[in-house]
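Before the coordinates are used for further work, here are some notes on strands, spaces and ring pairs, set out as numbered points.

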Amino acid sequence: MAMLRIATILSACLCLSNPAAAQAPTQLPTQPPGWVLDWSDEFDGPVLDKSKWVAETGGNGWGNQELEFYTARPENVRVDGGNLVIEARREDYGGRHYTSARIKTAGRIERMYGRYEARIRIPRGQGMWPAFWLLGANVGQVGWPRCGEIDIMENIGREPAIVHGTLHGPGYSGDKAIGKPQVLDKGTYADDFHIYAVEWEPREIRWYRDGILYHTARADTATGDWVFEHPFFVILNLAVGGGWPGNPDATTSFPQQMLVDYVRVYKRAR
């Protein structure tokens, strides 16, 4: 009992010295019925696994009038306490006044179909724009939106209790995208971790939050060409500002963090 007590005290001390560890305790893997794990990153190592992720860097606005400069520095993207940490900071860098990070599995992990799931704690504040999404691997050949985009989770800071699941393609992109919000019954999404997922199958994509199905898109109801029958890659990013969320204001505090406990990709069990 004394040994157990010492271990408990040490564990508590470690959690208090590492907020990320306290916020995202280790969980046993769960396998959704009908799916088998195909690929994952549990973010349990000391650094970001570059065999799985590529950092996109730059401050060009990314087509959304974003304000940040994305970097690959540990100040903006790192693994800490079993979480991926993407941190937005207010600082002058590369001609911009904010920094953050954006990582992708392009050229590493690209899949057609599957269940894509992540456990994420989003940041809070006006102008914050965290996202977990998929982009068509053929974007370099056909461009956007013909490559297709599946937004598994997006939040804009002025809507703290709402996340969005959205589909972009030719004829239904930008403000004409096929999407639906999911509203929390109480509290805000930044208060805790939540599990965000899509199940992508031939001619149908379904969106889930904490196991709740809240949006479905199908080829036969799309308002343009269905362009989701080819490989896609995963993106995680935290934007600052932009045409949709608007810019940070006096109420926005920095730094802000997007914490990702894991990303898992499942395939259909045979």
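Two strands are taken to pair if DSSP finds at least two bridges between them. The model under review is a predicted one, and the points below should be read with that in mind.

1. Strand S14 (residues 204–209) and strand S15 (residues 212–218) meet that criterion, since they are joined in the antiparallel sense by 6 bridges. Within this pairing, Trp207 stands opposite His215 in S15. The hairpin of S14 and S15 has 2 residues between the strands, and Asp210 takes a positive phi near 50°.

2. Strand S5 (residues 83–93) takes part in several pairings, and I take them one after another. Strand S4 (residues 77–80) runs antiparallel to S5 and is joined to S5 by 4 bridges, with Val79 standing opposite Leu84 in S5. S4 and S5 form a hairpin with 2 residues between them, and in its turn Gly81 has a positive phi of about 60°.

3. S5 also pairs in the antiparallel sense with strand S6 (residues 96–100), here over 3 bridges, and Tyr93 is found opposite Arg96 in S6. The hairpin of S5 and S6 likewise has 2 residues between the strands, with Gly94 taking a positive phi near 60°.

4. A further partner of S5 is strand S17 (residues 256–268), which runs antiparallel to S5 and is joined to it by 5 bridges. In this pairing, Glu87 has Gln257 of S17 as its bridge partner.

5. An open sheet is formed by 7 strands in the order S2-S7-S16-S9-S10-S11-S12, with antiparallel pairing. Strand S2 (54–56) and strand S12 (178–183) are the edge strands, each of them pairing on one side only. From one strand to the next, the twist averages 15°. At the S12 end of the order, strand S11 (residues 162–168) runs antiparallel to S12 and is joined to S12 by 6 bridges, and the bridge partner of Val163 in S12 is Gln182.

6. Which residues lie nearest the centre of the largest pocket? They are Asn64, Trp129, Trp144, Glu149 and His168, out of 28 residues that line the pocket. Strand S7 (102–104), strand S9 (128–136), strand S10 (149–154), S11 and strand S16 (232–240) are the elements that give two or more residues to this lining; these strands also appear in the order of the open sheet. The space in the largest pocket comes to about 700 Å³, and its lining divides by class into 11 nonpolar, 9 polar and 8 charged residues.

7. The structure also holds 1 cavity of 30 Å³ or more, and the largest cavity contains about 30 Å³ of space. Its lining consists of Ile122, Pro123, Arg124, Gly125, Asn155, Gly157, Pro160 and Ala190, which divide into 4 nonpolar, 3 polar and 1 charged.

8. The count of aromatic pairs comes to 12. One of them joins Trp39 and Trp53, whose rings are edge-to-face at 5.9 Å centre to centre, with 65° between the planes. Trp39 lies in strand S1 (residues 35–41) and Trp53 in the loop between S1 and S2, so this pair ties together parts that are 14 residues apart in sequence. As to whether these side chains are buried or exposed, the cut-off matters, because buried means under 20% relative accessible area. Trp39 is buried at a relative accessible area of 9%, and Trp53 is buried at 2%.

9. A second ring pair worth setting out is that of Tyr189 and Tyr196. Why does this pair count as tilted? The ring centres lie 6.2 Å apart and the planes of Tyr189 and Tyr196 are at 45°, whereas stacked planes would be under 30 degrees apart and edge-to-face planes over 60, so the pair falls into the remaining class. Tyr189 is buried, with a relative accessible area of 0%, and Tyr196 counts as buried at 1% relative accessibility.

10. Finally, ring pairs link a set of aromatic residues into a cluster, whose members are Tyr113, Tyr116, Trp200, Trp226, Phe228 and Phe232.

Definitions and conventions. Residues are numbered from 1 along each chain as its sequence is written. This is a predicted model: local features need pLDDT of at least 70, side-chain atom pairs count only at pLDDT 80 or more; totals for chains, interfaces and linings use all residues. Side-chain values use heavy atoms; hydrogens and water are left out. On a 1 Å grid over the protein atoms alone, a cavity is a set of points where a 1.4 Å probe fits but cannot get out, and a pocket is an open set with protein on both sides within 12 Å along at least five of seven lines; lining residues have an atom within 4 Å of a point. Grid points are joined across faces, edges and corners, and a volume is the space filled by probe spheres set on the points. Ala, Val, Leu, Ile, Met, Phe, Trp, Tyr, Cys and Pro count as nonpolar, Asp, Glu, Lys and Arg as charged, and the others, Gly among them, as polar. Axes are lines fitted to C-alpha atoms, for helices over the stretch in contact, and angles run from 0 to 180 degrees between N-to-C directions. Rings of Phe, Tyr and Trp (its six-membered ring) pair if their centres lie within 6.5 Å; planes under 30 degrees apart count as stacked, over 60 as edge-to-face and the rest as tilted. Buried means under 20% relative accessible area, exposed over 50%, partly exposed in between (1.4 Å probe, protein chains only).
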